[in-house]
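Colleague: Could you take me through one part of this model in close detail? I would like to see a helix pairing and then how it sits beside the rest of the chain.

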Amino acid sequence: MSPLPSAEAADGVAVVVDVVCLGESMVTFVPSRPGRLSDVPSFARGIGGAESNVACGLARAGHSARWISRVGTDGFGEHLVREIAATGVDTADVQRDPRRPTGIYFRTAGERAVGSETVDGDGGGASEPLAEVLYYRAGSAAAAMSPALIPRERAWSGRVLHLTGITPALSGDCRALMRELTTRAPGRPLVSFDLNYRVSLWQKEEEEGAGGETGPAVLLDLARRCDLVFVGEDEAAAVWGVRGPEAIRAALPEPEVLVVKQGGAGATAYARRSGEDADDVTFEPALRVDVVAPVGAGDAFAAGFLSGTLRGLPVAQRLRHGHLMAAAALTVPGDLGTPPSREHADHLVALDATRWGTLRFGPGWTDLPSPAEKWAETAVVEVPDS
């Protein structure tokens with residue numbers, strides 16, 4: 001694998017933070033009780049956005065992170081920027097648009113689905129959804145992101161640039177920006193890309209005419225341009241009809257590192273050997289978690305893996321840090337969980353395979369005393385072998 005760019009300026013691009021995350025964030029409204037949106041009487045306000053979730057996770061894990069986006073000059077935009085900045089993320093490059101609104105969405109407690117069972121205000125959905133997500137983001141301030149509005153030197157100002165497949169689905173300008181930022185040129189940082197396939201967003205774009213481009217083709221092209229790619233097995237099947245980690249790697253041979261997320265089973269990483277046309281393949285099983293809400297786990301996993309990447313850890317440890325960050329997200333109601341301290345996480349990551357396989361996490365597990373001998377007693381439930 002190629003080394004990360006140093007923290008020094010390279011080819012005229014000033015590298016001033018560990019990670020830059022670029023993409024839309026929205027104010028999210030979560031039901032006060034379980035049930036369909038039509039039956040819920042009230043909602044709690046929060047924030048949601050794949051890229052800002054990653055930025056917040058990295059900032060809370062001790063890294064310097066910057067979020068680049070656009071919001072409206074409205075109260076929702078103000079709330080977003082304030083809440084994201086409160087986690088330690090640099091929001092100085094967030095633009096305010098007086099003519100376009102900040103996006104919002106409503107969801108039930110279920111996770112966003114990758115198939116047509118998700119109800120979406122931007123188009124599509126089945127009559128009996130497994131999870132309801134209603135987006136009100138058409139014409140949002142973030143949808144106007146373009147190469148003219150987002151200078152490449154700012155997006156390339158970190159050691160890593162993290163992007164997702166949500167952004168190119170927002171507009172033609174956003175697709176042009178994504179292609180600009182993933183172009184290989186002097187000064188480009190390591191580019192990380194999480195597929196994050198949202199079927200309803202692409203259905204809406206295709207209905208309105210996306211210049212003959214389809215979601216599967218756009219996402220495949222962008223993924224092949226990047227250095228580190230995260231793909232869920234379910235996403236790959238939904239968007240490309242490709243099934244299984246080996247087939248996904250065959251479809252995406254270009255990235256130096258490909259991480260295939262396999263749900264509750266774990267994750268497999270394919271890491272290109274330096275100077276060779278061959279991979280080191282590493283699988284790490286997922287942790288047992290008492291799930292409070294399944295949203296945000298994928299973003300947290302990406303943050304954990306990126307944290308390990310920035311620290312230069314072996315791939316197996318990067319995967320485990322990803323699983324730990326995901327466990328932190330899964331055991332809280334919203335998208336953002338507070339990660340364990342680095343000392344705590346490193347202790348758990350260093351466990352042997354047998355001990356790792358017996359761990360189980362529930363709500364509050366990251367609120368721990370620091371002595372290592374107390375961790376297993378207070379936060380990690382040991383599950384006996386059956």
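Modeller: Happy to! One term before we begin: contact, or touching, means heavy atoms within 4.5 Å. Please also keep in mind that this is a predicted model.

Let me set the scene with the whole chain. The protein chain has 386 residues, and buried residues make up 56% of them. Its secondary structure comes to 13 helices and 18 strands. Among contacts between residues at least 6 apart in sequence, 70% join residues at least 24 apart.

Now for the helix pair. Helix H9 covers residues 297–310. With 14 residues, H9 reaches 20 Å from its first C-alpha to its last, which is close to the 20 Å expected at 1.5 Å a residue. H9 is mostly covered, since 13 of its 14 residues are buried. Just after H9 comes Gly 312, with a positive phi of about 70°. The partner, helix H10, takes in residues 315–330.

H9 and H10 pack at an angle of about 145°, and their axes are 7 Å apart. Their crossing is right-handed. On the H9 side, the residues that meet H10 include Ala 297, Ala 300, Phe 301, Gly 304 and Gly 308. On the H10 side, the residues that meet H9 include Arg 318, His 321, Gly 322, Met 325 and Ala 329. Sorted by class, this contact has 11 nonpolar, 6 polar and 1 charged residues.

Gly 304 is a good place to zoom in, as it lies in H9. What is its relative accessible area? The value is 1%, so Gly 304 counts as buried, the cut-off being under 20%. Leaving aside neighbours within four places in sequence, Gly 304 is in contact with Arg 318, His 321, Gly 322 and Met 325. Take Met 325 from that list: Gly 304 and Met 325 are 21 residues apart in sequence, yet 5.4 Å apart in space, C-alpha to C-alpha.

His 321 gives the view from the other helix, since it is found in H10. At 7% relative accessibility, His 321 is buried too. Beyond four places in sequence, His 321 is in contact with Gly 304, and also with Arg 311, Leu 313, Ala 345, Asp 346 and Val 349.

To finish, let us look at the nonpolar cores. The largest one has 45 residues, and those touching the most other members are Leu 22, Phe 193, Val 231, Trp 240 and Leu 252. Helix H6 (residues 215–225) gives the most to this core, with 5 residues. A second, separate core of 44 residues includes Phe 29, Ala 55, Val 94 and Leu 190.

Phe 193 deserves a moment of its own. Not counting residues up to four places away in sequence, Phe 193 touches, among others, Leu 163, Met 178, Leu 219, Leu 222, Ala 223, Cys 226 and Phe 230.

One last backbone detail is at Asn 196, in the loop between strand E11 (190–194) and helix H5 (199–208). Most residues other than glycine have a negative phi. Asn 196 has a positive phi, near 45°. With 8% relative accessibility, Asn 196 also counts as buried.

Technical notes:
Residues numbered from 1 in each chain as written. Predicted model: local features only at pLDDT ≥ 70, side-chain atom pairs only at ≥ 80, totals over all residues. Heavy atoms only, no water. Helix = DSSP H or I, 4+ residues; strand = E, 2+ residues; numbered from the N terminus. Buried < 20%, exposed > 50% of the residue type's maximum accessible area, 1.4 Å probe, protein only. Core = buried A, V, L, I, M, F, W, Y, C linked by side-chain atoms within 4.5 Å. Expected span 1.5 Å × (residues − 1). Axes fitted to C-alpha atoms, helices over the stretch in contact; angles between N-to-C directions. Left-handed = near helix turned anticlockwise from the far one by under 90°. Nonpolar A, V, L, I, M, F, W, Y, C, P; charged D, E, K, R; others polar.
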